[in-house]
Amino acid sequence: MHSITSQYLARYRRLTGDRSDSVLPVTGAQRRFLLVRSLDPSGRPDVVPMFFAFPHGTIDPERLRAAASRLAARHTALRSRPAVVRGTPVLCVADPDVGVTRPALVPGESPADALGRALECWDAQGPPLRLFLVRDEKREEEILAVALDHAVCDGRSLARIVDELGAAYSEEATDSHAAPGETEGELAVYRDAVLRQLAAEERAETAEAAAYWADRLRTLHAHAPAPRPARVPEGTRPSGAAQARLPAYDGGVSFPGLLDACRSAARELYGPGLTVPLGYPWGGRPPGAEPVVGCFLNTLVFPADTGFGTGNEPATGTGSEATADAWWDDLDRADVPFDAVVTAARAAGSGWTGGLDGLLTVDDDSRRPPLVLAGVEGREVHVDGRPVRGPFAVSITQGAEIRLRMVWDRAVLDDETAQRAFDALTRALRPSEPTVQ
């Protein structure tokens, strides 16, 4: 039987022929984002925004628009529209079209609320890179949102986008065009990288890998309650958020340790004795591929056994040995695309349909450069209350300290339960006190 990746490539080639400069294939990770979007009644895509506060008067909107358009012209993914053509997920290459939108505040609205409203009205048919600028009169600042359709940008590309946007803003040019040869050359490099990634995914879809994921996820079920908009009180933002700063471990918390901490949160949210599907992005560029901007980080599934403990167990910084061993085995099959993993689990009799009860993203503080415009460094800020995809999501940044954030969908989880889960997560990541002899 042909793999899901080989079937996808066959459909793509029937659609475009041997080669197309206007319709490009997508990776398995991108395919997941497009399929999730197609199942959303509103057609709402996943949007990745970054927010930066600058002193009022720092930003020249026209110069910023030209810089962002040149950036998009230099990267195929940032000027391509994700689409599904005749049932086939693709990227439709277009000319760069990046504007700077200035949402007007309605009476009584905060700048953060205005930005959240603008992002919530995201038109899925528009350009994948967009800029929003709002004046904060109280702080005498302007908040800039650099927002991207997640189907064209993985987390690994964000730092590069921030760095290159600042560099483009510093250029003397005020037009929005990159050199034609530069644009055409990058398109060929991008296509090559995507085809290499798809070849890696095709090789990874073996019978052995399908059997592994089928056994690993056999007992998996989604446990989050169904969304009920009535849970969200009138005038309340659609999502809640909590954050904390914790002392760092020597060498940081291992990834298995972070998974175990999320297990503690899941126990508070869904109860003990369950196997909860948690997702996290993982992967790398295929051998020989150029480091293009795009979406290549596959979503892996961690079946979190919530156990019957109290949820107060402190993390050791390394994670349990069982979690670490299983995680390393998972990484050996990390190139199997998400939809193939779901198919394997379903074929083995699992009741899981691919929904995730939680998401974990991890970053390194050294890989998050500030946005610098004309020598002025923007202060990265958070805008809470935006709609979230999934019941809850945890983001952890490690460096001189651990910066921990958790957001949750209020239509799924109430604030009190979510706060208890965040407290359990925080306790699990707090370094243990040394034992006094």
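Is the crossing of H8 and H11 right-handed or left-handed? In this predicted model, the crossing of the two helices is right-handed. The axes of H8 and helix H11, the latter spanning residues 415-429, come within 8 Å and cross at roughly 155 degrees. An angle over 145 degrees counts as roughly antiparallel, and H8 and H11 are therefore described as roughly antiparallel to each other. On the H8 side, the residues that meet H11 are Leu258, Ala261, Cys262, Ser264, Ala265, Glu268 and Leu269. Their counterparts in H11 are Thr417, Ala418, Arg420, Ala421, Ala424, Leu425, Ala428 and Leu429.

Helix H8, formed by residues 255-270, also contains Arg263. With a relative accessibility of 15%, Arg263 counts as buried, because the threshold for burial is set at under 20%. The side chain of Arg263 makes a polar contact with the side chain of Asp260, at 2.6 Å. When neighbours within four places in sequence are left aside, Arg263 is in contact with Phe302, Ala304, Asp305, Thr306 and Thr323. A further spatial relationship links Arg263 to Val276: the two residues are 13 apart in sequence, and their C-alpha atoms are 8.4 Å apart in space.

Strand E10 comprises residues 298-305. Seven of the eight residues of E10 are buried, so this strand is largely enclosed by the rest of the structure. Strand E10 is joined by eight bridges to strand E9 (residues 275-282), and the two strands run antiparallel. Within this pairing, Pro281 has Thr299 of E10 as its bridge partner.

Two open sheets were examined in further detail. One of them consists of three strands in the order E1-E4-E3, with antiparallel pairing. Its edge strands are E1 (23-24) and E3 (80-85), each of which pairs on one side only. Strand E3 and strand E4 (residues 88-93) pair in the antiparallel sense over six bridges. In this ladder, Val90 of E4 is the bridge partner of Ala83. Helix H1 (residues 4-16) packs on the sheet and touches E1, E3 and E4, with a direction that makes about 50 degrees with that of E4. Helix H2 (residues 28-39) likewise packs on the sheet, touching E3 and E4, and the direction of H2 makes about 105 degrees with that of E4.

The other open sheet has five strands in the order E5-E6-E7-E2-E14, with mixed pairing. Strands E5 (100-101) and E14 (379-381) stand at the edges with a single partner strand each, so one side of each is left without a neighbour in the sheet. Strand E2 (residues 47-55) and strand E7 (residues 141-149) pair in the antiparallel sense over nine bridges. Met50 has Val146 of E7 as its bridge partner. Helix H5 (residues 155-170) packs on this sheet and touches E2 and E7, its direction making about 40 degrees with that of E2. In a regular strand, side chains alternate between the two faces of the sheet.

Several loop residues were also characterised. Glu140 is found in the loop between strand E6 (129-136) and E7. The phi angle of Glu140 is near 55 degrees, a positive value in a residue other than glycine. Glu140 counts as exposed at 57% relative accessibility, because the exposed class begins over 50%. A positive phi of about 55 degrees is also assigned to Ala374, although this residue is not a glycine. Ala374 lies in the loop between strand E12 (372-373) and strand E13 (376-377). With a relative accessible area of 45%, Ala374 is partly exposed.

His75 is located in the loop between helix H3 (61-74) and E3. At 3% relative accessibility, His75 counts as buried. Leaving aside neighbours within four places in sequence, His75 is in contact with Arg160, Glu164, Glu186 and Val293. Of the residues contacted by His75, Arg160 and Glu164 fall within the range of helix H5 (residues 155-170).

Note on methods:
Residues are numbered from 1 along each chain as its sequence is written. This is a predicted model: local features need pLDDT of at least 70, side-chain atom pairs count only at pLDDT 80 or more; totals for chains, interfaces and linings use all residues. Side-chain values use heavy atoms; hydrogens and water are left out. Helices (H or I, at least four residues) and strands (E, at least two) are DSSP runs, numbered from the N terminus. Buried means under 20% relative accessible area, exposed over 50%, partly exposed in between (1.4 Å probe, protein chains only). Contact means heavy atoms within 4.5 Å. A polar contact is a pair of N or O atoms within 3.5 Å; within protein, one must be able to donate a hydrogen and the other to accept it, and residues adjacent in sequence count only if both atoms are side-chain atoms. Two strands pair if DSSP finds at least two bridges between them. Axes are lines fitted to C-alpha atoms, for helices over the stretch in contact, and angles run from 0 to 180 degrees between N-to-C directions. Angles under 35 degrees count as roughly parallel, over 145 as roughly antiparallel, 65 to 115 as roughly perpendicular and the rest as oblique. A crossing is left-handed if the near helix is turned anticlockwise from the far one by less than a right angle, and right-handed if clockwise.
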